[in-house]
Amino acid sequence: MRRYFGRKLLTYTLTLFIAATIDWLIPRFMPGDPVYGLMSRMGNNSSPEAAKALSDYYYNLFGLNQPIWQQYLNFWGGLLHGDLGRSVFEHGQPVTDAIMAAVPYTLALLIPAILLSWWAGNSFGALAARRKWLDNTMLPVGYILTATPYMWLGIVLAFVFGFTLKMFPFANSYGLNLEPSFTWLFFTDLVAHWMLPFLSLFLVMFGGWAIGMRNMIIYELDADYSRYLEALGAPQRLVRKYAFRNAMLPQITGLALQLGVIVAGSLVTEIVFSYQGVGLLLFNAIKSEDYFLLQGIFLFVIVGVLAANFLVDIAYVIVDPRTRVGMRGGTA
Amino acid sequence: MQQGKTRVLSLLAVLTIAASATACGTATTTPNASGGASAAPDQTYPRAETLYTTGKQWGAPSTWNPLDPNAAMGVVGLQYETLFLYDPLKDVYTPWLAASGTWDTAKTTYTIKTRDGVKWSDTQAFTADDVAFTINLASIKAVGSNLLSYVDSATASDASTVVVKFKANPAYQEWQQWLYNSPILPKHIWSSKADENILKDTNANGVGTGPYMYKTASADRMVWVRNDAWWGAATNPVKPKYIVDIVNGANSVALGQLLAGNIDLSNNYFPGISQIVNGGYGITTYFKSAPYMLAGNTAVLVPNLTKPALKDAAFRKALATAINPDDIVTKDYGDIVQKADPSGLLPIFDKYIDKTQNAPLNYSFDTAKAKQMLAAAGYKAGSDGMVTNLDGSPLKLTLEVPDGWSDWMAAENMIAASAQAAGINVVATHPDFNTVVADRNRPDDATAPKFDLIINNDVQVGNTPWTWYDYVFRQPLPSGAGENRNYEGYKNDTAWGLVQQLDKTPVEDLTTMKSLCSQLQKIQLTDLPVIPLWYNGVWSQVSNSVWTNFPSDTGNQVMPATWNGYWQMGAINMLTQLQAVPPAK
């Protein structure tokens, strides 16, 4: 067991190091100079002498006047202290602060959407595999949902439930007339604003899981062990239970593989709803070509996806007895 | 088939509703519930007392330092105030924090009388000391002001008088710009800030004299609350109690919020807004019909004068003649902009345009004539029908605009197509913004910049045509990150001499200003260092559902924008003129 996790940890650490280095490199390969961009964007109308003084100030603030190797060392030095540098566009605001302000919103969207859609999709898929009428209706709906781009479904939901039916607000993470507070009013408002972005993520993922589970169950029910159990006269419930447990394994692997895609999906969903999470922050960082903010967000996504994968690895050990047997040196 | 589709759709709908109902039974709050009766007064802004704006802020509000050009919406104008207001639509200066400002007869000393009864939001009195202190702040490098290159000294001779002494030949035009553009800071707070921190300080919840005070800010909004102790409150109060400015996100969200009446004033550029204005959605703009928007700046085609062909004035004139700005105005913008006068001066500067002199010099779209002009200047067509350089080498000009600027991207394609029709091989490209800036700016070692052609609109509406001429003719050529003038690299000492002379002409001396402008127009139209194309608008569309009496051509003629610099160009008056719509019965 220790060797297994030791090996996994080593892989993850190495991946993180390489990913972080690439993450640091990419913005620096981007053409142009962030200070040039910043000065030009803010509609700098001062006299050239004054503009020069201002640009010197910005180079200094962002440490961009240092040699490139020094900047790389500064990056790791800062990283180990939890400092991701300063945002160029947001006036030298620490990147860590900007990301930390956005993270709760993204997690509040992602975690329920991933877990609920996974749970609901798998249960629904398993059910559909045994009910003809459900299967006939489920299958097309599932296919449509899973093929829908997050962003498009988001726009449709915003238009139908937000703009036309006025059931839910369709922009921002809480009412523009409110300030965050521990009140019932603020809480309900927060939930109302969360609803549509959550739904657009939930529905698309739900479709994918349901279809996957339905196919797996049908396959497992046809497998030799199921037929053998049936022939022995085992009750239908027991057969289905075993089929479900076996069908679950690929779905867990699928969850790990899907995480990256889901994160990307939540990014565009947040843009559609102006939801104040990491996705919208990334959108703004790209628009303003903000080196440090971009780098920080990518690093956050990398760490998040790696951590989630690690959790799935652990879950796999618990769910699949063969992995445990393998770790003890036996063969399944 | 049709039936099957309906069944699928209805199932989808049922599923969605079911999911939303089970996941959250309480989510019935509407986006801007008008002040929910049970709410604590401090946590909600009643809809009827709140003005929602958007369009200025491109990222989270992160600094409220009035010296930082990147400061949050309203820091200068709503919170910090200037000595004067300048209304470009009427060409009038209105004393604001100043009670008056007068030159002595020699025009080398300017005396400012400060307004009585003005208090900082921490209740300290505003005095002449604050004004003198603010002027002298220009000596700090990080402030990035060249004020002291023409101001000799500024001293408060008593509590309400500031005497500003000028060096020889004061830059009157720049000084006048400073008077209405620069916020006055409280000495009792700012004098204790260290020089190197003067720009770093984010200054949240700062102390100003203006009609609004900082309430709160988060990543997607900036909230101001009315300062009822404001000096103008008794005579000319601002109407909204709260102003909530929303950070720009996707265009679709802003437009949706505007149509839903959740945003009152949007200063975003919306393609095709003229259709919505005419579509009966209650959205209005400054003008009821074309051009819908006021002109805010001139979009010009900037050629790189170090490149072959482009350094030839005859070639540039042919290029200008090959372009059809009317087409861009109609097909690209849907008539929300106007074609620019060839002089490049905004409509508000019409009185400075020497029409009789310019008439024979002006260029206008004519493909056939452009071809003739090219031939006359010795540019012969190659085998592909495109003209070559004078030495016979192929001529290909790349036109760059930033990626994602959809209106400019459409315009550059039209420019490229019409130039090609005349035989000039212009290729439209759209690299990312930083690349365009890097290609455009002259490197610090003063080598030639990379670009061939760009579109630029750096000069905003203001009080003087000097800004435009400084932009076109500036010398020595600026370079590096701070470059914001003379991108084309035009060197004409006569013209630069005239620009400096214009800067040193008092704003009251209209005759001299006009004469200098006329001479500059002649040089510009003869040499065509840049090619003015169209006037970008002061994009402004309003929903009239909660507030009315917004600026319009037929009503209150003031600038309808929340952008940097516009509050002190009269937009602050918009807030005093607004009227709340009585709630529907």
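Trainee: Which residues of helix 13 of chain B are buried?
Mentor: This is a predicted model, to begin with. The buried ones are Trp466(B), Thr467(B), Trp468(B), Tyr469(B), Asp470(B), Tyr471(B), Val472(B) and Phe473(B).

Trainee: And how many of the helix's residues is that?
Mentor: Eight of eight. Helix 13 of chain B spans residues 466-473 and is mostly covered.

Trainee: What covers those buried residues?
Mentor: The cover includes three helices of chain B: helix 3 (172-181), helix 14 (493-503) and helix 15 (510-527).

Trainee: Zooming out, what domains does chain B have?
Mentor: Domain 1 is assigned to 2-67 + 210-289 + 540-580, domain 2 to 84-198 and domain 3 to 295-537.

Trainee: How far apart are the centres of domains 1 and 3 of chain B?
Mentor: 37 Å, between C-alpha centres. Their contact takes six residues from domain 1 of chain B and six from domain 3 of chain B.

Trainee: What classes are on the domain 1 side there?
Mentor: Three nonpolar, three polar and no charged residues on the side of domain 1 of chain B that touches domain 3 of chain B.

Trainee: Switching to chain A. Where are its domains?
Mentor: Domain 1 covers 2-80 and domain 2 covers 95-327. Their C-alpha centres are 32 Å apart.

Trainee: How many residues does each give to the contact?
Mentor: Domain 1 of chain A gives 15 and domain 2 of chain A gives 13.

Trainee: Which helix supplies the largest share of the domain 1 side?
Mentor: Helix 1 of chain A, with ten residues. Helix 1 (2-29) and helix 2 (34-41) each supply at least two.

Trainee: And the classes on that side?
Mentor: For domain 1 of chain A, nine nonpolar, three polar and three charged residues touch domain 2 of chain A.

Notes:
Residues numbered from 1 in each chain as written. Chains lettered and ligands numbered in written order. Predicted model: local features only at pLDDT ≥ 70, side-chain atom pairs only at ≥ 80, totals over all residues. Domains from an automatic or database assignment. Contact = placed C-beta atoms within 7 Å. Helix = DSSP H or I, 4+ residues; strand = E, 2+ residues; numbered from the N terminus. Nonpolar A, V, L, I, M, F, W, Y, C, P; charged D, E, K, R; others polar. Buried ≥ 20, exposed ≤ 12 C-beta atoms within 10 Å, placed from the backbone.
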